[in-house]
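Biologist: Before I plan anything at the bench, I would like to learn how to read the empty space and the helix packing in a model like this. Could you take me through them one at a time?

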Amino acid sequence: MTRIKICGLTRSEDVALCVALGADYLGFNFSPRSPRRAAVEDGPKLLAASEGRPRVGVFVEEGPEAVRRAIDALDLDFLQFHRPLRDDDFAFGLPVIAVERVFGRIPAPRTPFARCHAVLYDTGHPALDGGTGMTFDSNGLAARDRGIPVGLAGGLRPENVAEAIRAARPFLVDVASGVESSPGVKDPSRLRAFFAAVRRADG
């Protein structure tokens with residue numbers, strides 16, 4: 001069964017709906033550059049709404065102190081980094097999700113990925129770290145022997161996620177902008193349609 005990660009969550013009501021729909025991972029972006037930034041001070045209500053579902057903190061260039069504050073605020077279960085991995089990324093004692101940005105051709109897996117819980121392939125963009133709403137050709141993922149669970153992101157939405165699953169056979173699919181009415185605000189109807197499309201593809 002394809003796991004579902006809903007990313008860019010900023011509101012407790014959206015978190016609660018994702019839990020009710022069966023999200024496997026809840027993603028909270030802590031990069032100041034993101035229009036979907038989760039506020040550390042909102043941690044208690046976001047944590048309460050998550051009802052114990054795995055919580056992923058998403059980081060770009062934040063230092064160890066900022067990562068630790070986010071871990072404490074939301075009792076994070078996973079750390080996701082949208083940059084080359086560093087040794088101290090593994091020092092928090094939490095599983096790490098690496099992000100590989102795809103510019104055209106799918107790159108070969110890098111050695112540090114062997115230490116990770118999963119690697120997430122996302123559409124590369126010169127000015128954005130994620131949430132681009134843009135897709136890439138994921139057909140090559142299915143044929144590549146990576147030896148690590150693979151996630152697929154980048155431009156996924158209810159209308160195309162089933163096709164992407166059939167093409168790439170990922171461990172998980174990750175969506176942010178494809179189920180929103182505006183950055184950081186999820187659209188309930190699009191969320192429901194996304195979950196339904198993934199389940200149909202699995203079935």
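Modeller: We will begin with the enclosed space and then turn to two helix pairs, keeping in mind that this is a predicted model.

Biologist: How does one look for empty space, and how many cavities of 30 Å³ or more are there here?

Modeller: Rolling a probe the size of a water molecule over the atoms shows where empty space is left. In this structure the count comes to 1 cavity of 30 Å³ or more, and the largest cavity has a volume of about 40 Å³.

Biologist: Which residues line the largest cavity, and which element gives the most to that lining?

Modeller: The lining is made up of K5, Q80, I97, A118, V119, L120, V150, G151, L172 and D174. Two or more of the lining residues come from each of β6 (118–123), β7 (150–152) and β8 (172–175), and β6 gives the most, with 3 residues. Sorted by class, the lining has 6 nonpolar, 2 polar and 2 charged residues.

Biologist: Turning to the helices, at what angle do α1 and α6 pack, and why are they described as roughly parallel?

Modeller: Helix α1 (residues 12–21) and helix α6 (residues 188–202) pack at an angle of about 25 degrees, and their axes lie 11 Å apart. Because angles under 35 degrees count as roughly parallel, α1 and α6 are roughly parallel to each other. The crossing of α1 past α6 is right-handed, and the contact joins L17, C18 and L21 of α1 with P188, L191, R192 and F195 of α6. Those contact residues divide into 6 nonpolar, no polar and 1 charged.

Biologist: What does the packing of α5 with α6 look like, and which residues meet there?

Modeller: Helix α5 (residues 161–168) and α6 pack at an angle of about 35 degrees, with axes 8 Å apart, and α5 passes α6 in a right-handed crossing. From α5, the residues V161, A162 and I165 meet F194, A197, V198, A201 and D202 in α6, a contact that by class has 7 nonpolar, no polar and 1 charged residues.

Note on methods
Residues numbered from 1 in each chain as written. Predicted model: local features only at pLDDT ≥ 70, side-chain atom pairs only at ≥ 80, totals over all residues. Heavy atoms only, no water. 1 Å grid on protein atoms, 1.4 Å probe; cavity = no way out; pocket = protein on both sides within 12 Å on 5 of 7 lines; lining within 4 Å. Points joined across faces, edges and corners; volume = space filled by probe spheres on them. Helix = DSSP H or I, 4+ residues; strand = E, 2+ residues; numbered from the N terminus. Nonpolar A, V, L, I, M, F, W, Y, C, P; charged D, E, K, R; others polar. Axes fitted to C-alpha atoms, helices over the stretch in contact; angles between N-to-C directions. Parallel < 35°, antiparallel > 145°, perpendicular 65-115°, else oblique. Left-handed = near helix turned anticlockwise from the far one by under 90°. Contact = heavy atoms within 4.5 Å.
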